[in-house]
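Q: Could you take me through one part of this predicted model in detail? I'd like a strand followed outwards, from its pairing to its side chains and then to whatever packs around it.

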Amino acid sequence: MKFGRYFEEFEAGDVYEHWPGRTINEADDTWFSLMTMNQNPLHIDENYASKTQHGRRLVNGILVFAVAVGMSVPDVSGLAIANLEYESVKHVAPVFHGDTIYARTRVLEKQESKSKPDRGVVYVETTGYNQRDETVLTLRRRVLVPKRPAGAGKP
């Protein structure tokens, strides 16, 4: 199974549909919120959340972000030297317990490194969406990836 891509394998305009999706349940959300010390009652207090505009608890947005980025790793950053930057993270719609998150990534551009000829930077936009195909999250990131080693051949 292929895991990640070399710099040469990315082209602006490419779109990767990440699979499988991930259904987020109450335990995922509770443990993530506790582990990250996010005690916002919107995530952990059903009584409190029932009196808010959504009428129920919301899944922690950073968990949604982490799931979407994680889903993209086999297609985008599986060979990465480093994630250089996350930008323009937008929580577009709420996620609730029982929602399934899917993600797709579009390559926006790529640029060879100016200082190291064995690598380049790939700029991508990932969209997270739910089982109803509603966008719940968008983000952009820059990933430093290696070029194909000499003599490695094409996949």
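A: Let's start with one rung of the ladder: T105 has T126 in β4 as its bridge partner. T105 itself sits in strand β3. The two threonines also meet through their side chains, in a polar contact at 2.8 Å. A further polar contact, at 2.6 Å, links the side chain of T105 to the side chain of H18. With a relative accessible area of 0%, T105 counts as buried, the cut-off being under 20%. Ignoring neighbours within four places in sequence, the residues in contact with T105 are D14, V15, Y16, H18, S72, V76, V124, E125 and T126. Keep Y16 and S72 in mind, as both names come back below.

Now zoom out to the strands that hold this rung. β3 covers residues 100-112 and β4 covers residues 119-129, and they pair antiparallel over 10 bridges. They make a hairpin, with six residues between the two strands. On its other pairing, β4 runs antiparallel to β5, joined by 11 bridges. There the bridge partner of T127 is T138 in β5. This is a hairpin too: five residues lie between β4 and β5, and D133 in the turn has a positive phi of about 65°. As general background, strands of a sheet pair through backbone hydrogen bonds, either parallel or antiparallel.

How enclosed is β4? Of its 11 residues, 10 are buried, so the strand is largely enclosed by the rest of the structure. R119, which belongs to β4, is a nice case to look at. Despite its charged-looking name tag, let the number speak: its relative accessible area is 17%, and under the 20% cut-off that makes R119 buried. The R119 side chain makes a polar contact with the side chain of D118, at 2.9 Å. Beyond four places in sequence, R119 touches I81, E112, S113, L144, V145, P146 and K147.

Aromatic rings give another view of the β3 and β4 pairing. The whole structure has three aromatic pairs. One of them is F10 with Y16, edge-to-face, with 6.3 Å from centre to centre and 75° between the planes. F10 is buried at a relative accessible area of 0%, and Y16 is buried at 7%. Another pair is Y102 with Y129, and this one is stacked: the centres are 5.8 Å apart and the planes differ by 25°. Y102 is in β3 and Y129 in β4, so this pair ties together parts that are 27 residues apart in sequence. On accessibility, Y102 is partly exposed at 27%, whereas Y129 is buried at 11%.

Next, the sheet as a whole. Five strands make it up, in the order β1-β3-β4-β5-β2, with antiparallel pairing, and the sheet is open. The edge strands are β1 (15-23) and β2 (82-91); each has a single partner strand, so one side of each is left without a neighbour in the sheet. From one strand to the next, the twist averages 20°.

Finally, what lies on top? Helix α4, residues 61-72, lies across β1, β2, β3, β4 and β5 (135-146), and runs at about 45° to β5. Its geometry can be checked by hand: 12 residues at 1.5 Å a residue should span 16 Å, and the end C-alpha atoms are 17 Å apart, which agrees. At the N-terminal end, N60 caps α4, placing a side-chain oxygen 2.9 Å from the backbone nitrogen of I62. The buried residues of α4 are L63, V64, F65, V67, A68, V69, M71 and S72. These buried residues pack against β1, α1 (26-35), β2, β3, β4 and β5. And that brings us back to where we began: S72, one of the buried residues of α4, is among the contacts of T105.

How values were computed:
Residues numbered from 1 in each chain as written. Predicted model: local features only at pLDDT ≥ 70, side-chain atom pairs only at ≥ 80, totals over all residues. Heavy atoms only, no water. Pairing = 2+ DSSP bridges. Helix = DSSP H or I, 4+ residues; strand = E, 2+ residues; numbered from the N terminus. Axes fitted to C-alpha atoms, helices over the stretch in contact; angles between N-to-C directions. Contact = heavy atoms within 4.5 Å. Expected span 1.5 Å × (residues − 1). Buried < 20%, exposed > 50% of the residue type's maximum accessible area, 1.4 Å probe, protein only. Polar contact = N/O pair within 3.5 Å; in protein donor to acceptor, adjacent residues only side chain to side chain. Phe/Tyr/Trp six-rings, centres within 6.5 Å; stacked < 30°, edge-to-face > 60°.
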